[in-house]
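Ready for some practice with charged pairs and helix packing? Have the model open beside you and work through the exercises in order.

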Amino acid sequence: MNLKLHVWRQTAAADKGGFEEYTAENVSEHMSFLEMLDVVNEKLTAEGKDPIAFDHDCREGICGSCGFMINGQPHGPKDQTTVCQLHMRNYSDGQELWIEPWRATAFPVVRDLVVDRSGFDRIIAAGGYISVRTGSAPDANNIPIPKLSLDFAMDAAECIGCGACVAACPNASAMLFTSAKVAHLGALPQGQPERYTRVAEMVLVHDEEGFGHCTNHGACQTACPKGIKVDYIARLNADLRKSALRHPAG
Ligand code: SF4
Ligand code: FES
C-alpha cells in the first residue's frame, strides 16, 4: 500500500516547526509503524535529506521509548498498543496520516517526533523508590503479600513511562503516570514506611515540572497502552489527603 504522510519536522525546541509531506511507498501490512518510518528514512537519507527523528528502543512494547500522535491519537488507533507494536495492517491504501510529537509544555520538543520526558525521571527521583533495606530476592519473596495488593501493585508497575497519558490529557496532566508510580510501591508492605511522604513529594515535583492538574476527563486511561486505570489517581488523591493530615505544615 501507499500512504501520504504529514510529519512534524522541527530541528530544536526553539525552532517553530511545521508539517512536511512524504509518500510511504510499497508498505507491507506486516510492517510495524516504526518499520514503515524506517523505510521512509532510508529514502530520505539516500536523497541526502535529514531522516525523521523518533524515539525507540525495544520495539516490543515494554520500554516506553516510542510514542507520538497519529491522526490526533497517542500511539495511534489500536487499544493498548504502542506505536512500535502497531502494524500497518491497521491502515489502508491511500490513507493520509498526520504524525506529530506529544504536545505538552512539560515535554519540550527535542527534534521532530522526539520530546524531552526527563520531567518523568524527576518525578520518580522525588519518591519512586524505597530506602529501607529489604534484603536479597529470597528475603523479599518471604514477605507475605495479600493477592489483591500484589495484583494492584503489579498492574501499576506495568506503566512504561511513555507519556501518552500526558499527550491525551487536555490539561497535560501526568497524574496517571504519577499515580501508577506511587501505587506500585505504596500498595506493597515494603513501601509503607514512606507511603505518605512519597506521594506528597512526587506530586510536588509533578506540579513544579509544569504538568497540569487532573480534572477527571479520563482521556489518559483511554490512551494508555498498558491499561493503567484512573482508579490509581483516586488512590493517589486519598493518600495525598492523608499525607496532608499527617504533615499539616508540609
Ligand atoms: S500511565 Fe500509561 S500512558 Fe501514562 S506513561 Fe504510564 S504507560 Fe504511558
Ligand atoms: S520501542 Fe519500546 S515500547 Fe516502543
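Two exercises follow, each with a worked solution.

This is a predicted model, in which local features need pLDDT of at least 70, side-chain atom pairs count only at pLDDT 80 or more, and totals for chains, interfaces and linings use all residues. Residues are numbered from 1 along each chain as its sequence is written, chains are lettered from A and ligands numbered from 1 in the order in which they are written, and side-chain values use heavy atoms, leaving out hydrogens and water.

**Exercise 1.** Find the salt-bridge partner of Arg9 and place both residues in the chain.

*Solution.*
- Start with the criterion: a side-chain nitrogen of Lys or Arg within 4 Å of a carboxyl oxygen of Asp or Glu.
- Arg9 meets Asp112, with 3.1 Å from N to O.
- Next, locate them: Arg9 sits in strand β1 (residues 3–9), and Asp112 in the loop between β6 (109–111) and β7 (114–115), 103 residues apart. Strands here are DSSP runs of E, at least two residues, and helices runs of H or I, at least four, numbered from the N terminus.
- Finally, check burial: both Arg9 and Asp112 are buried, meaning under 20% relative accessible area (1.4 Å probe, protein chains only).

**Exercise 2.** Work out which helices are tied together by the salt bridge between Asp239 and Arg195.

*Solution.*
- The closest N and O atoms of Asp239 and Arg195 are 2.9 Å apart.
- Asp239 belongs to α9 (residues 231–246) and Arg195 to α7 (residues 195–208), so the bridge joins parts 44 residues apart in sequence.
- Asp239 and Arg195 are both buried.
- To set this in context, the whole structure has 12 salt bridges.

Conventions:
Buried means under 20% relative accessible area, exposed over 50%, partly exposed in between (1.4 Å probe, protein chains only).
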